[in-house]
Amino acid sequence: MLEKLRERLQAHAPPPLRVDLPQAAVLIPVVARPDPTLLFTRRAAHLSTHSGQVAFPGGKREHEDPDLLATALRESEEEIALPPTRVEVLGRLSDVLSLHGIKVTPYVGVIPPDLPLLPDPNELDAIFEVPVADFLADRRTHTDVIRVDGRDYYVPSYRHDGHVIWGLSSMMLVELLAEGFGMPITLFQRPPGELRFHPERRTTLS
């Protein structure tokens, strides 16, 4: 499975989103277990924004970061004590725009299992893994319909051991499943099952 993932992501080169917005980057860690997993974090409950939300490790680009990959690796080391040298970077996914007007670039990397990772208590209160097979089986609880600038996005919502994976992280996850694992999944076609509609959002783009 991981060898096929490497081949697919090395051939996947989405064009960058050319907008003048603050930049951020995340790492999507694929844990190289016999049955591979994806690693997620949960934002600490005491935070004033995004508390309790599930996300991939990452954050805003700093002036000293030479590029966005460096941002993703630096933030992962700061947030979960993941050494950059233990990450085999496979490729980049499409840029996504957050609700707060930030352009987020996801990178996918394979990491060894059972590293001594620790959540930074100032930002996180949990690190957990979900088997890739669970997502390939499409065990979504429902689909959030998010309309952005007149276009509907069908974003799956998942629940795993009490954690809810949805929103921006799920949008990245859909591209990873489609492009990296060949799953027939898309954000742009209405799926079967329960739909939950959200208010329309407008981007800052003119």
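These legends accompany several close-up views of a predicted model.

**View 1. Helices α1 and α4 cross where their axes come within 8 Å.**
Let's start with two helices, α1 (residues 2–11) and α4 (residues 167–181), whose axes cross at roughly 100 degrees. The two helices are therefore roughly perpendicular to each other, since angles of 65 to 115 degrees fall in that class. On the α1 side, the contact is made by Lys-4, Leu-5, Arg-8 and Leu-9. Facing them from α4 are Leu-176, Ala-178, Glu-179, Gly-180 and Phe-181. Sorted by class, this contact has five nonpolar, one polar and three charged residues.

**View 2. Gly-182 sits in the loop between α4 and β12.**
Moving on to the loop, Gly-182 counts as partly exposed because its relative accessibility is 38%, which falls between the limits of 20% for buried and 50% for exposed. Leaving out residues up to four places away in sequence, Gly-182 touches Arg-8 and Leu-177. Arg-8 is also one of the α1 residues that meet α4. For a sense of scale, Gly-182 and Arg-92 are 90 residues apart in sequence, and their C-alpha atoms are 16 Å apart in space.

**View 3. An open sheet of four strands has the order β11-β10-β9-β12.**
Here is the sheet, with mixed pairing among its strands. At its edges are β11 (163–165) and β12 (195–197), each of which pairs on one side only. From one strand to the next, the twist averages 30 degrees. Helix α4 lies across β10 and β11 and runs at about 95 degrees to β10. Strand β10 is mostly covered, with seven of its ten residues buried.

**View 4. Strands β9 and β10 form a hairpin with two residues between them.**
A closer look at this pair shows β9 (residues 142–148) and β10 (residues 151–160) joined in the antiparallel sense over seven bridges. Two residue pairs are handy landmarks here. Val-145 stands opposite Tyr-154 of β10, and Asp-144 has Val-155 of β10 as its bridge partner. Within this hairpin, Asp-149 takes a positive phi near 50 degrees.

**View 5. Strands β10 and β11 run antiparallel and are joined by three bridges.**
The next hairpin brings in an edge strand, β11. Arg-159 has Val-164 of β11 as its bridge partner. Two residues lie between the strands of this hairpin. Asp-161 is found in the loop between β10 and β11, and its phi is near 50 degrees, a positive value in a residue other than glycine. Is Asp-161 buried or exposed? Asp-161 counts as exposed because its relative accessibility is 69%, and the limit for that class is over 50%.

**View 6. Asp-114 lies in the loop between β7 and β8.**
Another loop aspartate deserves a view. Asp-114 has a positive phi of about 60 degrees, although it is not a glycine. With a relative accessible area of 62%, Asp-114 is exposed.

**View 7. The largest nonpolar core has 37 residues.**
Now for the interior. Which residues have the most contacts inside this core? They are Leu-38, Phe-40, Phe-135 and Leu-176. Two or more residues apiece come from α1, β1 (23–31), β2 (37–43), β7 (103–111), β8 (124–131), α3 (132–136), β10 and α4. Helix α4 gives the most to this core, with seven residues. Leu-176 is also among the α4 residues that meet α1.

**View 8. Phe-40 is among the residues with the most contacts inside the largest nonpolar core.**
This view takes in the surroundings of Phe-40. Leaving aside neighbours within four places in sequence, Phe-40 is in contact with Val-54, Ala-55, Phe-56, Ala-126, Ile-127, Phe-128, Val-130, Phe-135 and Ile-165. Phe-135, one of these contacts, is itself listed with Phe-40 among the residues with the most contacts inside the core. Apart from this core, there is a second, separate core of 15 residues, which includes Ala-25, Val-31, Leu-39 and Ala-72.

Terms used:
Residues numbered from 1 in each chain as written. Predicted model: local features only at pLDDT ≥ 70, side-chain atom pairs only at ≥ 80, totals over all residues. Heavy atoms only, no water. Axes fitted to C-alpha atoms, helices over the stretch in contact; angles between N-to-C directions. Parallel < 35°, antiparallel > 145°, perpendicular 65-115°, else oblique. Contact = heavy atoms within 4.5 Å. Nonpolar A, V, L, I, M, F, W, Y, C, P; charged D, E, K, R; others polar. Pairing = 2+ DSSP bridges. Core = buried A, V, L, I, M, F, W, Y, C linked by side-chain atoms within 4.5 Å. Buried < 20%, exposed > 50% of the residue type's maximum accessible area, 1.4 Å probe, protein only.
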